[in-house]
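Biologist: I would like to learn how to read a protein fold step by step, beginning with a helix and then moving on to a sheet. Could we go through one together, with a reason for each reply?

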Amino acid sequence: MISIQAVAHSYNSNQQLSFKDWQINNGEQWLLLGQSGSGKTTLLHILTGILKPTAGEVRIGDTAIYQLSPKALDRFRGRQIGIIFQRPHLIKSLTIAENLLLAQSFAKLPENHKRIDEVLKSLDMLHKKNAYPNELSQGQLQRISIARAVINKPALLIADEPTSSLDDKNAEAVLELLLQQSGLNQATLIVATHDKRVKDAFTHTYDLT
Ligand SMILES: Nc1ncnc2c1ncn2[C@@H]1O[C@H](COP(=O)(O)OP(=O)(O)OP(=O)(O)O)[C@@H](O)[C@H]1O
């Protein structure tokens with residue numbers, strides 16, 4: 001279970017963002033909705049341990065994440081949280097397989113080539129294992145972002161506007177893959193968007209507006 005309680009954040013003294021309490025059961029798939037500027041990215045950063053809120057508590061499973069030391073929080077994030085950004089952030093000088101190995105190494109997990117093959121296969125990308133990021137299309141790169149996010153079997157999978165730079169066909173495919181991968185890996189899924197194409201696929205919605 002993931003929960004936020006009495007969470008608020010101020011970037012400066014003349015503005016405060018308050019977030020209503022939210023409880024998410026394991027394996028649920030949620031849409032995080034809100035207009036531009038409503039605080040979606042702020043809340044995702046708070047949930048992923050990147051931004052400590054000025055007030056409130058964030059729990060992932062039994063862990064109150066902001067009570068961890070910075071080092072423990074880094075490790076927790078690497079193992080328990082997979083993040084997919086609007087655009088893929090892959091290392092250009094490394095192959096797809098090497099990028100995935102790096103994600104394992106960042107989380108202090110042993111190299112697991114079998115897991116890499118398994119994930120790439122489930123995303124129909126095994127044939128690009130030894131390619132470099134600049135040899136892939138945008139849609140393929142977004143699949144590799146999903147692969148990297150799920151490689152360590154995180155409990156929580158978070159996607160920030162994952163479809164906004166994609167055309168309809170790729171947007172639909174990426175969304176289907178996110179839902180499928182969260183199911184396959186038994187990960188809770190949160191997708192932040194203002195993309196209207198995405199709305200119908202989710203039964204749970206947290207609305208910031
Ligand atoms: N680093 C920052 N310093 C000061 N204010 C910030 C900072 N980051 C965000 N804000 C402000 O906090 C509010 C929420 O921003 P946030 O990026 O979380 O919104 P969002 O819903 O993700 O918007 P968008 O859909 O446009 O990406 C906005 O008013 C924004 O100007």
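Biologist: How far apart are the end C-alpha atoms of helix α5 (residues 138-150), and what span should its 13 residues have?

Modeller: Please keep in mind that this is a predicted model. At 1.5 Å a residue, the 13 residues of α5 should span 18 Å. The distance between the end C-alpha atoms agrees with that expectation, for it is 19 Å.

Biologist: Which elements do the buried residues of α5 pack against?

Modeller: The buried residues of this helix include Gln-142, Ile-144 and Ile-146, and Ala-147 and Val-150 are also among them. Their packing partners comprise two strands and three helices, namely β7, β8 (156-160), α3, α4 (113-122) and α6 (168-184).

Biologist: Which residues touch the most other members of the largest nonpolar core?

Modeller: In soluble globular proteins, nonpolar side chains tend to be buried together. Here the largest nonpolar core has 45 residues, and two residues of α5 that are buried, Ala-147 and Val-150, belong to the group with the most contacts to other members. The full group is Ala-147, Val-150, Ile-158, Leu-178 and Val-191.

Biologist: What is the order of the strands in the open sheet?

Modeller: The sheet has five strands, and their pairing is parallel. Its edge strands are β7 and β10 (204-207), since each of these pairs on one side only, and the twist from one strand to the next averages 20°. Read across the sheet, the order is β7-β8-β9-β4-β10.

Biologist: Which residue of β10 is the bridge partner of Leu-32?

Modeller: Strand β4 (residues 29-33) runs parallel to β10, and four bridges join the two. β4 is also joined to β9, in this case by five parallel bridges, and there Leu-32 stands opposite Ala-192. In β10, the bridge partner of Leu-32 is Tyr-206.

Biologist: What angle does the direction of helix α1 (residues 40-47) make with that of β8?

Modeller: Helix α1 packs on the sheet, where it touches β4, β8 and β9 (188-193). The angle between the direction of α1 and that of β8 is about 155°.

Biologist: How many of the six residues of β9 are buried?

Modeller: Both faces of this strand are covered, with Thr-188, Ile-190 and Ala-192 buried on one side and Leu-189, Val-191 and Thr-193 buried on the other. Strand β9 is therefore largely enclosed by the rest of the structure, and its count of buried residues is six of the six.

Biologist: Which residue in β9 is the bridge partner of Ile-158?

Modeller: Strands β8 and β9 pair in the parallel sense over five bridges, and β8 is mostly covered, with four of its five residues buried. Leaving aside neighbours within four places in sequence, Ile-158 is in contact with several residues, including Leu-44, Leu-47, Ile-81 and Ile-83. Its bridge partner in β9 is Ile-190.

Biologist: And on the β7 side, which residue of β8 is the bridge partner of Ile-84?

Modeller: β7 and β8 pair in the parallel sense over four bridges. Within that pairing, the residue of β8 that partners Ile-84 is Ala-159.

Biologist: Does Thr-95 count as buried, partly exposed or exposed?

Modeller: Thr-95 lies in the loop between β7 (81-84) and α3 (96-106). Leaving out residues up to four places away in sequence, Thr-95 touches Asn-130, Ala-131 and Tyr-132, and its C-alpha is 7.0 Å from that of Lys-129, although the two residues are 34 apart in sequence. Because Thr-95 has 17 C-beta neighbours inside 10 Å, it counts as partly exposed.

Biologist: What is the phi of Glu-161, which is not a glycine?

Modeller: Glu-161 lies in the loop between β8 and α6, and with 19 C-beta neighbours inside 10 Å it counts as partly exposed. Its phi is positive, at about 50°.

Biologist: Is Ala-6 buried or exposed?

Modeller: Ala-6 is found in strand β1 (residues 2-12), and it has a positive phi of about 55° although it is not a glycine. Because it has 12 C-beta neighbours inside 10 Å, Ala-6 counts as exposed.

Definitions and conventions
Residues are numbered from 1 along each chain as its sequence is written. This is a predicted model: local features need pLDDT of at least 70, side-chain atom pairs count only at pLDDT 80 or more; totals for chains, interfaces and linings use all residues. A residue is buried if 20 or more other C-beta atoms lie within 10 Å of its own, exposed if 12 or fewer, and partly exposed in between; C-beta atoms are placed from the backbone. The expected span of a helix is 1.5 Å times one less than its number of residues. A nonpolar core is a set of buried Ala, Val, Leu, Ile, Met, Phe, Trp, Tyr and Cys residues joined through C-beta atoms within 7 Å. Two strands pair if DSSP finds at least two bridges between them. Axes are lines fitted to C-alpha atoms, for helices over the stretch in contact, and angles run from 0 to 180 degrees between N-to-C directions.
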